[in-house]
Structures are given as C-alpha cells and as structure tokens.
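Hi,

Here is the structure I promised to pass on. Have a look at it first, then read my notes underneath.

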Amino acid sequence: MVKRIRRAAVLGSGVMGSGIAAHLANVGIPTLLLDIVPRELTKEEEAKGWTLEHKQVRNRLANQALERLLKQKPAPLMSKDNIALIETGNFEDDFHRLAEVDWIIEAVVEKLEVKKEVFARVDEVRTPGTIVSSNTSGISIAAMAEGRSDDFKKHFLGTHFFNPPRYLKLLEIIPTEHTDPDVVAYMKSFGEDVLGKGVVMAKDTPNFIANRIGTYGLLVTVREMMQGGYSVGEVDSVTGPLIGRPKSATFRTLDVVGLDTFVHVANNVYENVEGEEKEAFRVPEFMKTMLENGWLGSKSGQGFFVKQGKDILELNYVTMQYEPRKKLVTPAVEMAKQAKGAAAKLQTLVYADGDRAGTLLWNIIAPTLLYTARLVGEIADDIAAIDQAMKWGFGWEQGPFELWDAIGLEKSVRKMQSEGRDIPSWITDMLDDGATSFYKTENGRLFYYAPGGYKTVEENEKVIHIRRLKEARGVIKKNAGASLIDLGDDVALLEFHSPNNAIGADIVQMINEALEEVNRNYKGLVIGNQGKNFCVGANLAMMLMEAQDENFFELELAVRQFQQALLKMKYNPKPVVVAPFAMTLGGGAEVSLAASRIQAAAETYIGLVEVGVGLIPGGGGNKELYIKRLNSLPRGVDVDYVKIAASVFETIAMAKVSTSAAEARELGFLNHRDGITMNGDHLLYEAKQAVLSMYEEGYRPPVRKKVPVAGESGYAAMLLGAQSMFHSGYISEHDLKIAKKLAYVLAGGKVPYGTEVDEQYLLDLEREAFLSLIGEPKTQARMQHMLVKGKPLRN
Ligand code: NAD
C-alpha cells in the first residue's frame, strides 16, 4: 500500500521550494523546509557576534524564505497563520529528519549533478516507502534516479509545479518506467483532491508538456515578429485576451517569468533535440544581448518593457532602445473585437489574409498547432492532456486542439496545405476517416479524437460541468438571470448567469422559485455557477438608473424582495448550500451568508464592499455577519455585543475582502461548519455532498430567535473611531455619514444595550439606511464612477 502523505519535506527554499512549502501549509501538511548552509557570514551576523556554527546562520536561507513568504504578493499563504506549519532547517543538521516524512520534494538548482547528489543522500536517510519527487522544469527524471536503490526508484517521480504554486493550477506528474503505478495513481489523486491542482500526466521528455509547447510558441512569435517587422507592443496587443490568452500576452509574460529562466528552459530543449526542431529552440541574438545586459524583466526593472514615470515603453529590438508602446489596430482586429465568442473572433483573425494582425496570428498559430500535433504520443498520451496542460499552466482559455477546432480543422488544414506546410499524417488520416473535429460531446460527455476512434476524456469523478449537464438534461426552470438544474441524486442547482452574475430581479425571482421546487421535489439546493466570479454584487447600473429617476418605490420593493428571498432561504426546510469562489462581493456575499452552509473554493474573495459605492449592504448582510459572529462564540461565555458589532462594523466600513477562504473564516464570513474545497473544479460536487449529508442527518432549519444587539452604547462606541478619523482628515464627510448609518444598523438602533430584537426589525433598519443613502448625490456619484472607471471614488 502506498504511504499516505501526512508530513512533507521540501529541499531548496528558493522561489519554487518556498512556494511549494507554503502551499503544503495551505492544505494543512506540516512541512520541513531545508536549504544549504551558508559559507560566509553577513555583516549583520558578524555584528551580532555570530559564527558559522550559529543555528540562525546555518538555517539562514530557509529562514529568509519564510520571511519572504509573509511579504510576497500575491500571497503564497492563504492565511498568515499557516506559516506555523513550516519548520526550517538545513541540509547538514536536519537531513536525517527526512526519515520522518512521507513525501520529499526536491526544488534545488536546475543542475543534474546537484540533483543527483541530493538524491544520493536522500536515498541513505529516507524511510522505505517514502515518496520522493523532483520539481525540475525539464531535466530527465530517469537520469536523476540513476544509481538509486530499487525502493527509491519505485517511489520516485517528477512533480512539476508552476510558479506561483498556490495560484497556477497545473501540476505535471512524470513517472519513470520504475515508478510504482500505485504511487502514480496516489500522487494524481493527492494532487487533485488535496492540493487542488489540475494534474496532467506527462512523459519524461525535455521540458515535459506545457513548457515544451509554450517555449516553442513563444520563439515562433519572436521570429514572426522580426520577420514581419512588428514591434513588441504590437505583438502583445493581439496575442492576449483577443485570442483567449492572459492580459500579459507574450512579452509581458516573459518579463514576469524572467528572461534568464526562459532562456534556461529553451536551451534545455535546444540541447536535447535534433534537426529542424533544434533550430526552432535557438534563442535569437537580441535576446542574448538582453540577457548580457541584465534586462531580465520585472525582477531587474526592465525587459521587453520598462516603466518610465507613468508611461510604459517597449524595447525596439533593432536599436535596443526603448520607445513609446505601439498597438496593432487593423480592420481584422476591429472586427474580431465585435465578433461574439472565441471561435468567431479567432476565425475573423486567422483567415484575414493581407491584414497585418491576421497574418501575424496565422503565422504564429499555424506552426504551433502543427508542432503540437507532431508531439502527441511523444510528450503525452493524448490531445486532451496537452490541452489541459496549456490551459492550466499558461492560462490559455483554449488548448491548441480546442483552438484548432474553433478555427475549423478542415478549413485550416486546406490553408496550411496550400502554403506547403507539412501536416502530420495522423491528422490527414483523421480527416480521411471523416472525423472533422478533435472534440465532440454526446449526452453530456466529452470525447477526444485518438487514432482508431474517439475516446472519453477521463476526468476526476468530482468534476462537474454545468454546461454539459444542461446539454444532457436540460433545465428545470430558467429566466434571463438564472437557471435551475438537476444536479442528480435529488439535488438541484441554482446557477446565476446574468452579466457578471450581478443580482437583479430575475435572480431574486429564481431564488424563490428554486426554493419552492426544491421543497417539493428535491433533497436540497446548491447555489453555484462556473462563471469568472461567483457574483460581483447587485446590478449597480440598474439601481443607479432607478435612483437617478427617483424611483424610490421600485428600489424599496427590490431591496425588500431581495431581503425576503434570503430570509426565506435561511429558514428553508431543506438545506441550501452556497458555493462561492473567486470574487463574491456585496449581494454575492449576502447570498452566501444566508446559506444553511457555505462550501467555498479555497480561492474565494468575499466581502461586503458596498461602502465603496457609498452604500451599506441592503440584503441582510449586516445582520447576518453580526449573527454569524455571535453564533460562533462558545455558549456560556460572557458576550460583549459592542465588541462584536464593532468588529463587524470594521469589516464592512473598511470594505474588507478576504484573500482566500481561510481568511474569510478569520473575517467571520465562514464558520467552523462551513467547508473549504481546495480544487475549484470539485466545488459543485462537494457542495452537493454537503447537501446530501445534511439531508441524511435529518436537516432542520435554524430556529428563528430574537437577536441581542449593542444598542445606543454600541452606536456611540462604533462612531468614536469614525469621528476621530474624520477629524484627522482620513475620511470624508460623506464617509462619516455612511459610517453613522452603518453603526446605527449594526447597533440595532436607539435601544438599550442587550435588547433582543426581531430580524425583520433589523432588515427594516438596513433597508431604510440603504434607501436614504442611495438618494444622496455623492453616493450616486460613487456608483457612477464605479460603473465607468471600475474603481471607487473618494468624495
Ligand atoms: P532558486 O534559484 O530560487 O532556488 C534554488 C535553490 O537551490 C535555493 O534554495 C538554493 O539555495 C539551492 N541550492 C543552490 N545550490 C545548491 C546546491 N549545490 N545543493 C543544494 N541546493 C542548492 O530556483 P527555483 O526557481 O526555485 O528553481 C528550483 C527548481 O524548480 C529548479 O529545478 C527549477 O528548474 C524548477 N522550477 C522553477 C520554476 C520557476 O518558475 N522558477 C518553475 C517550475 C520549476
């Protein structure tokens, strides 16, 4: 049986080692982080009178890595408290302690000899059965294991994380011929279920999957840029979101990765392949010059781009001077921007012969697709693995084969043939057989093409795709903002799908209808979706319009209906599990707070941010956050309502947004009963399991009780801070006005301390405050600013 991973060790505390250790801590695994012992003292160490034998000196590298983890942005730790799970040490004094752990991950410098040396020592101290892996970017896994014991080889494999390990989803797993298949299977499920990664099985070839194709694509782009006389900025303007790739496009991505790292990775393929392919990985001279100049990108302050004051300049690779950034604006680009959907955009571009942007994109995409097609079987078993790797590792919206389907396989191959490009025979055979796309769905299942016929795309059983579910089973109910879907096993799913998943009347109506349907025919309800964000709040544009037209009656009604729908949800006889992820703001947070239980993705950024637009929460968010904090206190302790109200006041007045689900728990949005799902793709499945387990346990809704409030003394206490901030100029008069309203609502109005009030009374206070604020010109100016500029206005 394969050993379960309960403790781990990371060797090397550099960029990747420390990031991996942080992520292990994020999932609750105690981790030993080791690095080499320094040979020289720093000035500070000398000043303290320390010698090379001092423990602080010997552990310096790993200790410094810990300090960096606490400061780095975006934060590698989901909660600062997690740092306590990482213990530092060094390769000399602590190496024997590797015997205590179940998984040893090597992340030392990218040099085969160094890695081999490290593994030889590991082999001596590890307990038999301990899994050992390398985080190499591309060195042969088999070569690293040469000379090691049989037990070592059986438990050895590549585990290639991408930087930064917390945020990038891809984990390539690379077994050797000696790796025990049970170890491989265990690591795949551990990677997916525990670490929350998207695991792709890769073969032991130079740079594995994502970096092999990514590097090729990047170098093709550079060559096409030079041949066609395009500028760095021009290339970036059309190789980003326009074609379904991240905003950082081509060269900005390179600046973030670091040119040194990139060249290292490119050279690794260059040195390990032959012929035409070798040439494709040759790094152009101007990039070598950049390397010599130390123009590595963000880490050295300049690269393909440099910031000068407020301006961003681009590198002219001919003169090696920086100049104003250019953009490629052509008819095809304009048309693609107007086109609906990824496929239509891409087709508009790649077939726009004679268009400067279209030509560039075709000349980049065509060779990359053909190169990738030639590598199927060599770097991965199938096309699905390659597509997943590119999406998870590089943030592409579509993998190469999905993109190929989008531009039309037959049409593109005809164009490639007319240009004399070499088409891999398996593709022409495929077309001869009448198969005209790489993917197809049938009955909600996805199939990919493989020579001999289509095969099912194998996925973790916990992955649910709403789109495919709808294709297979249709919807129970639907309006413009939301749909009710059968999730199977007698659980229903309410999916928001309005623009940005903003909450409007249609969603509120569907919440009511969903509850009725669920109470009749289902065991419970999940509220979730698979958009970019769970929900960014209420429909601000609509509210602003109503407010400017002074339609306060309609506004009052809308807020009241939202409040009532959430109240109904809270006391619904069947369980309702809300599954937030990514941005969950304002109304989205209120929907979550009203749930029987929250099942949040680990990456959930939740907050009541209404003050940013001059409002306070209106859908019961103030009341629920207060009650949730109240209920999280152990029974029997002396409760100070003022303290609780003040802490909720601080959260809402400062519009605090959690940077993870763990932090959401610290802020009181989640309690100990709410669950956290590491793998976002498993969120709906785990939310559904939560519904089922609550149902099985004989779910009873909460008993509607009166709420004790802080009253007048609480109001005074909450305002104290706000007033002094106003007097010292930190907040504006309008901020103070909002703070007063918020304090009044949270205090439960003008009542004595400890008065027990009804929830409806609190909702009425909240609604009145909300409506009085939305009538204010300064609040409307804030709303307008947010809608137009996308950021808060301070007025
Ligand atoms: P890094 O330079 O930040 O860290 C390297 C670590 O190796 C340091 O802790 C250093 O003290 C240690 N080290 C140096 N010499 C050593 C020696 N002789 N013996 C033992 N340890 C030694 O590098 P990194 O970016 O963290 O890369 C670590 C590994 O991860 C490499 O194999 C790299 O290819 C791979 N990787 C890097 C990235 C990335 O984006 N940086 C991504 C994926 C994989």
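Below is what turned up, sheets first and then a record annotation.

A quick warning: this is a predicted model, where local features need pLDDT of at least 70, side-chain atom pairs count only at pLDDT 80 or more, and totals for chains, interfaces and linings use all residues. Residues are numbered from 1 along each chain as its sequence is written, and side-chain values use heavy atoms, with hydrogens and water left out.

Some background: strands of a sheet pair through backbone hydrogen bonds, either parallel or antiparallel. Strands here are DSSP runs (E, at least two residues; helices are H or I, at least four), numbered from the N terminus, and two strands pair if DSSP finds at least two bridges between them.

One open sheet has eight strands, ordered S3-S2-S1-S4-S5-S6-S7-S8, with mixed pairing. Its edges are S3 (86–90) and S8 (198–201), each pairing on one side only. S7 (170–175) runs parallel to S8, joined by four bridges; Leu-170 has Gly-198 in S8 as its bridge partner.

Another open sheet has three strands, S9-S10-S11, paired antiparallel. S9 (305–308) and S11 (321–324) each have a single partner strand, so one side of each lacks a neighbour in the sheet. Four bridges link S10 (311–316) to S11, and Leu-313 is partnered with Pro-324 in S11.

Finally, an unreviewed UniProt entry annotates residues 208–305 and 364–416 as "domain: 3-hydroxyacyl-CoA dehydrogenase C-terminal"; such annotations may be inferred rather than shown by experiment. The chain is 63% helix and 1% strand over 208–305, and 75% helix and 0% strand over 364–416.

Cheers
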